[in-house]
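Colleague: Hey, got a minute to walk me through this model? I'd like to start with the sheet and the helices around it.

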Amino acid sequence: MTWSAKQYSMFEQQRTRPVRDLVAAIPDGDVRTAVDLGCGPGNSTEVLADRFPQALVTGMDSSDDMLVDARKRLPALNFELADIGAWNPAQKFDVILANASLQWLPDHATLYPHLVSQLTLGGTLAVQTPDNLDEPAHKLAREVAADGPWATKIGAVKHNERHTASYYFELLSKHCSTVDVWRTTYHHPLAGSAAVVEWFKGSALRPFLAPLTESEKSAFLDEYLARITKAYPALADGTVLLPFPRLFIIATR
């Protein structure tokens with residue numbers, strides 16, 4: 001299952017807004033080192049570097065395609081190929097940013113405390129994860145996967161479990177001096193139902209589409225589009241407002 005920087009960046013403005021809100025909430029302080037885990041094409045890294053211009057900022061991602069775009073975008077910064085699940089750096093960081101990346105990893109009960117342990121004393125872990133598994137876009141993807149002729153291939157596909165705000169607050173409070181958790185629903189104006197499908201092709205639909213042949217992908221997307229059109233009715237001008245809830249965490253060691 002590979003990532004496409006081009007597909008992901010089609011809605012860069014909308015995808016970057018949550019990370020701006022997240023990074024703005026990081027406490028002021030003497031931030032000398034910062035890392036962006038799951039930096040993607042570099043849009044989140046750019047926000048982090050602008051917020052802390054005095055810091056040595058590094059971006060990390062598991063996708064070579066994403067890193068190519070990130071390096072073009074920010075040639076002065078260092079970007080590394082890395083797996084967040086196996087990340088064990090030699091140094092501690094003042095800020096660890098994980099924007100829309102940790103939901104792809106399992107075992108958050110172990111992962112989140114591990115990331116906190118990589119902070120300097122007083123350092124901040126800043127996390128944003130989509131909180132939309134119960135939204136129509138996700139439900140319909142699971143329904144189309146289970147209903148179609150491809151069911152034996154993808155009918156059992158599930159995204160990693162997402163947890164509640166209270167789960168993360170309780171988990172991180174054992175390791176941090178302060179924990180702030182909040183949830184925001186963005187309503188992104190998109191140019192019709194087809195744009196909603198394009199949005200999720202760059203993220204949530206990836207595990208469903210990856211095992212399919214090209215003809216199966218086309219048929220899957222046609223059926224998904226038909227159901228999305230009913231679930232997200234367009235406004236008078238054709239715009240579709242896509243509700244997108246996200247969970248935010250600022251945890252200070």
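Colleague: Which strands does helix α4 lie across?

Modeller: Helix α4, residues 64-73, lies across β2 and β3, and runs at about 175° to β3. Keep in mind that this is a predicted model.

Colleague: And what does α3 lie across?

Modeller: Helix α3 (residues 43-51) lies across β1, β2, β3 and β4, running at about 160° to β1.

Colleague: OK, so what order do the strands come in?

Modeller: The order is β3-β2-β1-β4-β5-β7-β6, in an open sheet of seven strands with mixed pairing. From one strand to the next, the twist averages 15°.

Colleague: What holds strands together in a sheet, in general?

Modeller: Strands of a sheet pair through backbone hydrogen bonds, either parallel or antiparallel.

Colleague: How many bridges join β2 to β3 here?

Modeller: Four, and β2 and β3 run parallel. One pairing to look up is Gly59, whose bridge partner in β3 is Phe79.

Colleague: Switching topic: which residues of α5 are buried?

Modeller: In α5, which spans residues 108-117, the buried ones are His108, Leu111, Tyr112, Pro113, Leu115 and Val116. Their cover includes β1, β4, β5, α8 and β7.

Colleague: What about the largest nonpolar core, which residues touch the most other members?

Modeller: Those are Phe200, Leu205, Phe220 and Tyr224, in a core of 27 residues. The elements α6, α9, α10, α11 and β7 each supply at least two residues of this core. Apart from it there's another core, of 25 residues, with Phe93, Leu105, Leu171 and Val179 among them.

Colleague: Let's zoom in on Phe220. What is Phe220 in contact with, leaving aside neighbours within four places in sequence?

Modeller: Phe220 is in contact with Ala141, Val144, Ala145, Trp150, Ile154, Leu205, Phe208, Leu209 and Leu212.

Colleague: How do α6 and α11 cross?

Modeller: Their axes come within 10 Å and cross at roughly 140°. The crossing of α6 and α11 is right-handed. On the α6 side, the contact includes Leu140, Ala141 and Val144, while α11 brings in residues including Phe220, Tyr224 and Ile228.

Colleague: Why are α6 and α11 called oblique to each other?

Modeller: Because their angle is roughly 140°, and only angles over 145 count as roughly antiparallel, so α6 and α11 are oblique to each other.

Colleague: Last one, back to the sheet: which strands stand at the edges?

Modeller: β3 and β6 do, each with a single partner strand, so one side of each has no neighbour in the sheet.

Notes: Residues are numbered from 1 along each chain as its sequence is written. This is a predicted model: local features need pLDDT of at least 70, side-chain atom pairs count only at pLDDT 80 or more; totals for chains, interfaces and linings use all residues. Side-chain values use heavy atoms; hydrogens and water are left out. A nonpolar core is a set of buried Ala, Val, Leu, Ile, Met, Phe, Trp, Tyr and Cys residues joined through side-chain atoms within 4.5 Å. Buried means under 20% relative accessible area, exposed over 50%, partly exposed in between (1.4 Å probe, protein chains only). Contact means heavy atoms within 4.5 Å. Two strands pair if DSSP finds at least two bridges between them. Axes are lines fitted to C-alpha atoms, for helices over the stretch in contact, and angles run from 0 to 180 degrees between N-to-C directions. Angles under 35 degrees count as roughly parallel, over 145 as roughly antiparallel, 65 to 115 as roughly perpendicular and the rest as oblique. A crossing is left-handed if the near helix is turned anticlockwise from the far one by less than a right angle, and right-handed if clockwise.
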